[in-house]
Amino acid sequence: MALTADGLSEGTRRGGAVVLGLHEAMVRDDLPRAPLVDVHLPTYRGKALVTVLSWLVARHLVTEGGTAGWFLTKQQGAGSLPALLTDLGWRDVSRSRAGKLYRIAGRPPTEVTPPQPRTFTARMDGHALTFAADYGVFSPGHIDEGTAHLLDVALRQPHVSTVADVGVGYGPLALGLVRAGVADRAVATDVDSVALWLAGRNAEANGVPLKVVCSTDPMEIEDTPLTVCNVPTHIDLARTTALMRGLAHRAAEGRRLLAVVHASLEERYVRHLADVGLTARRHPGKSHVVLEAGG
């Protein structure tokens, strides 16, 4: 069995495989166990995620008496990971080379406690919401300026049954809109399964109905009267074009789209919407602009 930060794969590729996102694996009680579990740490995550994966391996994946091997580079902290695992209760920890990677092997603790991510509380339209935001997600510890401006604009929209949040992160925008009464429920996408796991936790903690899907395609979720998106600016042109076309499709046939971008990049995204025949109404803020299309 092999585990990565973005998914869990079980079985062999020859006979087909079951693939789960981390957000799904963290809440399942019926995962198959194996005597050997390999964990591949991604280069873009800090070692704080080790506490989450340690719990998942020990609680749900490894059989009694089994072992796990952690694979990472020297730059990721191969020298310090053995001490971290030992502090978490791992036994018989050893280190060896596995090609270009290091393999840290050991037996998981028999008693584990669920991971407790860092949290913060924010007031959104007069409501105090508490968010778990940790393990390398975007804007931990505070609501970023783009999301805050998009929320302010969206709060002035008519009530809808369901709002879609494309790129939901740990959920502040979707949860804030439902708690404020703009929507009764929310559906959402993101490519980061760690963020989706936190969004699910936050939705439950704040009493908000939220359904999430791990996907790059905005059309992977149901059509909704309103779609919101804090557009990522770090993706390449091909992915940006695909994202904007998907968002534009969600604004067709009387539906509405609110997309926030940094003011310095506004014209780039206006052109993407114009390419599919949509005219954007501007809602300028201090450093960001919300583009409203459709409706």
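**Reading pockets, burial and backbone angles**

Mentor: The second largest pocket has a volume of about 230 Å³. Among the 14 residues lining this pocket, Glu64, Gly65, Pro108, Pro109 and Thr110 are the closest to its centre. Please keep in mind that the model is predicted.

Trainee: How is such empty space found, and which elements supply at least two residues of the lining of the second largest pocket?

Mentor: Rolling a probe the size of a water molecule over the atoms shows where empty space is left. Here, α2 (49–61) and β5 (62–72) each supply at least two lining residues, and β5 gives the most, with five. By class, the lining of the second largest pocket comprises five nonpolar, four polar and five charged residues.

Trainee: What is the volume of the largest pocket, and which residues lie nearest its centre?

Mentor: The largest pocket holds about 1100 Å³ of space. Its lining has 42 residues, with Gly167, Asp190, Asn230, Pro232 and His234 nearest the centre. Two or more lining residues come from each of α4 (145–154), β10 (160–166), α5 (172–179), β11 (183–190), β13 (226–230), α7 (237–250) and β14 (256–262). The element that gives the most is α7, with four residues. The lining of the largest pocket divides into 19 nonpolar, 15 polar and eight charged residues.

Trainee: Which residues does UniProt list for "domain: Methyltransferase small"?

Mentor: The UniProt record, an unreviewed entry, lists residues 129–253 under that name. Over residues 129–253 the chain is 36% helix and 23% strand, and the C-alpha atoms at the two ends are 33 Å apart.

Trainee: How should one read a helix, and is α5 largely enclosed or exposed?

Mentor: An α-helix has 3.6 residues a turn, so residues three or four places apart point the same way. In α5, seven of the eight residues are buried, so the helix is largely enclosed by the rest of the structure. The buried residues are Pro172, Leu173, Ala174, Leu175, Gly176, Leu177 and Val178. Gly181 follows α5 and has a positive phi, near 90°.

Trainee: Which residues other than glycine have a positive phi near 55°?

Mentor: Most residues other than glycine have a negative phi, and most peptide bonds are trans. Asp125 has a positive phi, near 55°, and lies in the loop between β8 (119–124) and β9 (127–132). Ser139 has a phi near 55° as well, and is found in the loop between β9 and α4. Asp125 is partly exposed, with a relative accessible area of 44%, whereas Ser139 counts as buried at 8%.

Trainee: Why does Glu266 count as buried, and with which side chain does its own make a polar contact?

Mentor: Burial is judged by a cut-off of under 20% relative accessible area. Glu266 counts as buried because its relative accessibility is 8%. Glu266 belongs to helix α8 (residues 266–275), and its side chain makes a polar contact with that of Arg282 at 2.4 Å. Beyond its neighbours within four places in sequence, Glu266 is in contact with Val261, Arg282, Val289 and Leu291.

Trainee: Where is Pro225 found, and which residues, beyond its sequence neighbours, is Pro225 in contact with?

Mentor: Pro225 is found in the loop between β12 (210–214) and β13, and it counts as partly exposed at 31% relative accessibility. Leaving aside neighbours within four places in sequence, Pro225 is in contact with Val160, Ser161, Thr162, Arg255 and Arg256. The C-alpha atoms of Pro225 and Ala164 are separated by 8.4 Å, although these residues are 61 residues apart along the chain.

Technical notes: Residues numbered from 1 in each chain as written. Predicted model: local features only at pLDDT ≥ 70, side-chain atom pairs only at ≥ 80, totals over all residues. Heavy atoms only, no water. 1 Å grid on protein atoms, 1.4 Å probe; cavity = no way out; pocket = protein on both sides within 12 Å on 5 of 7 lines; lining within 4 Å. Points joined across faces, edges and corners; volume = space filled by probe spheres on them. Nonpolar A, V, L, I, M, F, W, Y, C, P; charged D, E, K, R; others polar. UniProt positions renumbered as here; feature names shortened; annotations may be inferred. Buried < 20%, exposed > 50% of the residue type's maximum accessible area, 1.4 Å probe, protein only. Polar contact = N/O pair within 3.5 Å; in protein donor to acceptor, adjacent residues only side chain to side chain. Contact = heavy atoms within 4.5 Å.
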